[in-house]
Amino acid sequence: MQEVLVLGAGYAGLKTVRQLQKQSGDFHITLVDRNDYHYEATELHEVASGSQPKDKITFPIADVINKDKVTFLQDEVVKVDPKQQTVTVKNHGVLNYDYVVVSLGFCSETFGIPGAKENALQMVDIDTAENIHNHIIDMMKKYKETKDKNYLRLLICGAGFTGIELAGAFLDERERYAEIAGVKAEDIEVICVEAATRILPMFDDQLANYGVDLIKKLGVNLMLGSMIKEIKPGEVVYATSPEDTNYQSISAATIVWTTGVSGSPVMNESGFDQRRGRVVVKSDLRDPNYENVYIIGDVSAFMDPETDRPFPTTAQIATRMGAHVGKNLAHQLKGEATEEFSYKAAGTVASVGNTHGFGVVGKSSLKGYPASFMKKTIMNKSLVDMGGLKELLAKGRFDLYH
Ligand code: NAD
């Protein structure tokens, strides 16, 4: 019997398994993940702000796999050895494979900025997102004791999609934080410190300006053109131009790091030809050097022929890659040729809190409530994609505006 190893149960890996387990044939799948649940990484900001409990955005992996075909192994992947066709995991030793799908996801990119790892909170998984919420609650209580305004300041490093969505979620929860601190909602400051002077590069000027105006109007203090140089405990040090050597700083008791992501460090550890944890894959999503190694999701760089640059890593492309690899593996297992992957993004929508948003779907710009509605519809579609209708029902996600 042929053994297929799938590493990581995020959007890409879990979709691969769900696609492949439907096929008949003499093969077995082992799915490895450090957690026994799948989580929707695009919704981590809601757990970080406390607007959703973690079980709204997670479900058990065991619920969605076919146990006749798939074994789930809860463990941490340490290294892939594509020459030996083995994978080392932390607690169960060495696993052998005929085919491997590497879909190990993202980690936070600190660009080597001093103190970013030690002195800022990360938001990369369920535990770190929950940690942010617990931290904020503690800071609100500390304000009540000390009346030190730093405890009311929520500072986000980077105003990419992750930073903006997190800022929006914080604004939505201000009332609740304020009550704990014993202050008014407006006393809670939400600040985004961002290096670029023009953010949201994927949108045209009009839509990007709309996004900037919206988050400012809702109450975010958006500090554009502020390049973070160091994070000290409770303090962000930044420059206001490349020539600027006279750094300024801003203090805050809550500092969250969202300046971008890279692929899993396992990619470098395994000797793959990678940059920032991402491997440029062939048109059928395989590693250029190994016929039996697929690399998908946030550890993969798939070139966009239109721009000659890799597509940005998103849940949308990861899910599509997973479905495609499920099919390609079925072909390979039967001795057939693989198919080329092609991708056209259906759209990009950012939510700003529970009822606002902006983005592009097809050729149209969406703003305000329709954008927020679209984002929630996309998320529900994603939950059905990953967990099936059962999970959507279990999460009560019909009520789009919880
Ligand atoms: P990103 O790279 O898109 O944004 C990071 C931001 O941090 C940038 O604006 C950058 O200029 C800024 N930055 C970097 N270094 C800095 C420094 N030293 N000082 C100040 N600012 C600095 O990262 P992200 O927002 O985490 O997104 C990662 C990927 O996930 C992207 O492809 C994004 O589109 C995708 N994503 C999509 C959605 C959605 O579709 N709703 C939501 C979240 C993320």
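Trainee: What makes the radius of gyration of this protein agree with that of a compact globule?

Mentor: The radius of gyration is taken over C-alpha atoms, and the globule rule is 2.2 Å times the number of residues to the power 0.38. For 402 residues the rule gives a value near 21 Å, and the protein has 22 Å, so the two agree. Along the principal axes, the C-alpha atoms fill a box of roughly 65 × 50 × 45 Å. Please note that this is a predicted model, in which local features need pLDDT of at least 70 and side-chain atom pairs count only at pLDDT 80 or more, while totals for chains, interfaces and linings use all residues. Residues are numbered from 1 along each chain as its sequence is written, and side-chain values use heavy atoms, leaving out hydrogens and water.

Trainee: How many helices and strands does the protein have, and what makes a run of residues a helix or a strand?

Mentor: Both are DSSP runs, numbered from the N terminus: helices are H or I with at least four residues, and strands are E with at least two. By that rule the protein has eleven helices and 28 strands.

Trainee: Why is strand β2 called largely enclosed?

Mentor: A residue is buried under 20% relative accessible area, exposed over 50%, and partly exposed in between (1.4 Å probe, protein chains only). In β2, residues 27-33, seven of the seven residues are buried, and therefore the strand is largely enclosed by the rest of the structure. F27, I29, L31 and D33 point one way, H28, T30 and V32 point the other way, and all are buried. Such alternation of side chains between the two faces of the sheet belongs to a regular strand. In the protein, buried residues make up 53% of the 402 residues.

Trainee: What makes β1 a partner of β2?

Mentor: Two strands pair if DSSP finds at least two bridges between them. Six bridges join β1 (residues 2-7) to β2, so the condition is met, and the two run parallel. Within this pair, L7 has V32 of β2 as its bridge partner.

Trainee: Why are β11 and β14 said to stand at the edges of their sheet?

Mentor: The open sheet has five strands in the order β11-β18-β12-β13-β14, with parallel pairing. β11 (121-122) and β14 (220-223) each have a single partner strand, so one side of each is left without a neighbour in the sheet. Between β12 (residues 153-157) and β13 (residues 189-193) there are five bridges in the parallel sense.

Trainee: Which residues does R153 of β12 touch?

Mentor: Contact means heavy atoms within 4.5 Å. Residues up to four places away in sequence not being counted, R153 touches E189, I191, I250, S251, A252, A253 and T254. One of these, E189 in β13, stands opposite R153. The C-alpha atoms of R153 and I188 are 6.0 Å apart in space, with their positions 35 residues apart in sequence.

Trainee: How do you know that Y294 is buried?

Mentor: Y294, in strand β22 (residues 293-295), has a relative accessible area of 0%, and therefore falls under the limit for a buried residue. Its contacts beyond four places in sequence include V100, V101, V102 and L329.

Trainee: What makes the phi angles of F111 and D308 worth a remark?

Mentor: Most residues other than glycine have a negative phi. Phi of F111 is near 50 degrees, and phi of D308 is near 60 degrees, a positive value in each case. F111 lies in the loop between β10 (106-108) and α3 (116-119), and D308 in the loop between β24 (303-304) and β25 (309-310).

Trainee: Which of the terms buried, partly exposed and exposed applies to F111, and which to D308?

Mentor: F111 has a relative accessible area of 47%, so F111 is partly exposed. D308, at 62%, counts as exposed. P233, in the loop between β15 (227-232) and β16 (235-239), is also exposed, with 66%.

Trainee: Why are β27 and β28 called paired strands?

Mentor: Four bridges join β27 (residues 356-361) to β28 (residues 364-367), so they pass the requirement for pairing, and they run antiparallel. They form a hairpin with two residues between them, and G362 in the turn has a positive phi of about 60 degrees. V361 has S364 of β28 as its bridge partner.
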